[in-house]
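Work through the exercises below with the structure open beside you. Each task is followed by a solution in steps.

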Amino acid sequence: MASYADLHAAVQADPRSLPKIAALLKLIRTQKLRQSQVVATHGKTALQDPRRAARVLGDDVWAVYEQTLVAALDVDDAPLRDACQSALLKRFGGANPPSQRLERLEGLVAEAAGDWEAALQRYKGVLAQNPANSTALKREVCVVEAKGAGREAVIAALTKLTATCQSDRGAWQALAEAHAAAYRFSDAIFCYEELTLFDPTAQHYMRRLGELYYSWAASTTAKREPLYRKARVYFAKSLELLGPKHNPRAATGLLLTCSAIKLDVRGRKSDPDDELNAALGQLAASKLKAAYANVDPFLRECNEKLLAAHAPPYARLLPKKNEETVSATTAAVEKLVVDDIAQE
């Protein structure tokens, strides 16, 4: 099978050859390549003479019209868009029930014009015929977000999409990030846990779960340690899955999580988990040192400051005992009072 580069070169050598243009456009369609300018340019050439195009391309001519219309929307070629839209409406318009593909294209044209309500009506018409039409469901999400309907409306549209297209990874991830933006960490975690079922070895899913658990723990005052421990598990798993490759984001997450468990939650109170926690913190610190060993000096300095503030041993980072703290605070207050009196 000829490659895209070969077919593109053949069309450039003979830009008027309909068979060569048809072969190039078909390859772009079947491989789902995003080459809008190429499609618009050569689709326009192929469709300049509709009768010749129909004779040479046969029934594929309508696929070329559809493909060229979408490309024209991408490159903002209004005359080409109108010509393709008119030809498709003439051939497929007026059907009862309406053609779902034509309705979807009409929705795209409305979106390009910024007519969000008209676009939504088109997609609702498609979904009335086929509630499982994933393309229409996805376009609904895009329209709701583009028209500024608000976060809750976007979440509702994405929830509807994931309920219908349960194997759509992009939809689950978009819904997770929408929940995270609304500080609904438990809902975001549920979505990412669904994603791990698709690919249990995807380190970026594990890392994101660690980040969500860490954010949840940092934003609450109750049951923080179990959440931090969950974060620690996922950050460590992300590091394990990526193996010897650098993973500074997961390493940073693990370092901060281990630090938070000891410094923010436990303090001087000992715990059987302290040894493991310190070991994981040390592992994260070593990973970060390796990742930033040969980078810009400024970045290396920033990393060193991070390690100084959060890397084990934690004893040096713990606050002073209560008596020493109270004594220091009292001395500071007395000094302020004396200074105030002296100024008066």
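**Exercise 1: a residue at a helix end**

Arginine 266 lies in helix H15, which covers residues 248-266. The model is predicted.

Task: Decide whether arginine 266 is buried or exposed, and find which side chains make polar contacts with the side chain of arginine 266.

Solution.
1. The relative accessibility of arginine 266 is 5%. The cut-off for buried is under 20%, so arginine 266 counts as buried.
2. One polar contact of its side chain is with the side chain of aspartate 273, at 2.7 Å.
3. The side chain of aspartate 274 also makes a polar contact with that of arginine 266, at 2.7 Å.
4. Leaving out residues up to four places away in sequence, arginine 266 touches Glu225, Arg229, Ile261, Asp271, Asp273, Asp274 and Asn277.

**Exercise 2: the helix itself**

Task: Describe H15: what is its reach from first to last C-alpha, where does H15 bend, and what covers its buried residues?

Solution.
1. H15 has 19 residues. The expected span is 1.5 Å times one less than the number of residues, which gives 27 Å, and the reach of 26 Å is close to that.
2. The bend, of about 30 degrees, is at alanine 260.
3. Alanine 260 is itself among the buried residues of H15, as are Leu254, Leu255 and Ile261.
4. The cover over the buried residues includes H13, H14, H17 and helix H16 (274-291).
5. After H15 comes glycine 267, with a positive phi near 65 degrees.

**Exercise 3: less common backbone geometry**

Task: Find where aspartate 76 and lysine 223 lie, and where the prolines that follow cis peptide bonds lie.

Solution.
1. Start from the general rule: most residues other than glycine have a negative phi, and most peptide bonds are trans.
2. Aspartate 76 has a positive phi, near 60 degrees. Aspartate 76 sits in the loop between helix H5 (60-75) and H6. Its relative accessibility is 66%, and exposed means over 50%, so aspartate 76 counts as exposed.
3. Lysine 223 has a positive phi of about 50 degrees. Its place is the loop between helix H13 (203-218) and helix H14 (224-242). With a relative accessible area of 72%, lysine 223 is exposed.
4. The peptide bond from asparagine 96 to proline 97 is cis. Proline 97 is in the loop between helix H6 (78-92) and helix H7 (100-112).
5. Proline 312 and proline 313 are also joined by a cis peptide bond, with omega about 0 degrees. Proline 313 is in the loop between helix H17 (297-310) and helix H18 (322-343).

Note on methods. Residues are numbered from 1 along each chain as its sequence is written. This is a predicted model: local features need pLDDT of at least 70, side-chain atom pairs count only at pLDDT 80 or more; totals for chains, interfaces and linings use all residues. Side-chain values use heavy atoms; hydrogens and water are left out. Helices (H or I, at least four residues) and strands (E, at least two) are DSSP runs, numbered from the N terminus. Buried means under 20% relative accessible area, exposed over 50%, partly exposed in between (1.4 Å probe, protein chains only). A polar contact is a pair of N or O atoms within 3.5 Å; within protein, one must be able to donate a hydrogen and the other to accept it, and residues adjacent in sequence count only if both atoms are side-chain atoms. Contact means heavy atoms within 4.5 Å. The bend at a residue is the angle between axes fitted to the seven residues ending there and the seven starting there.
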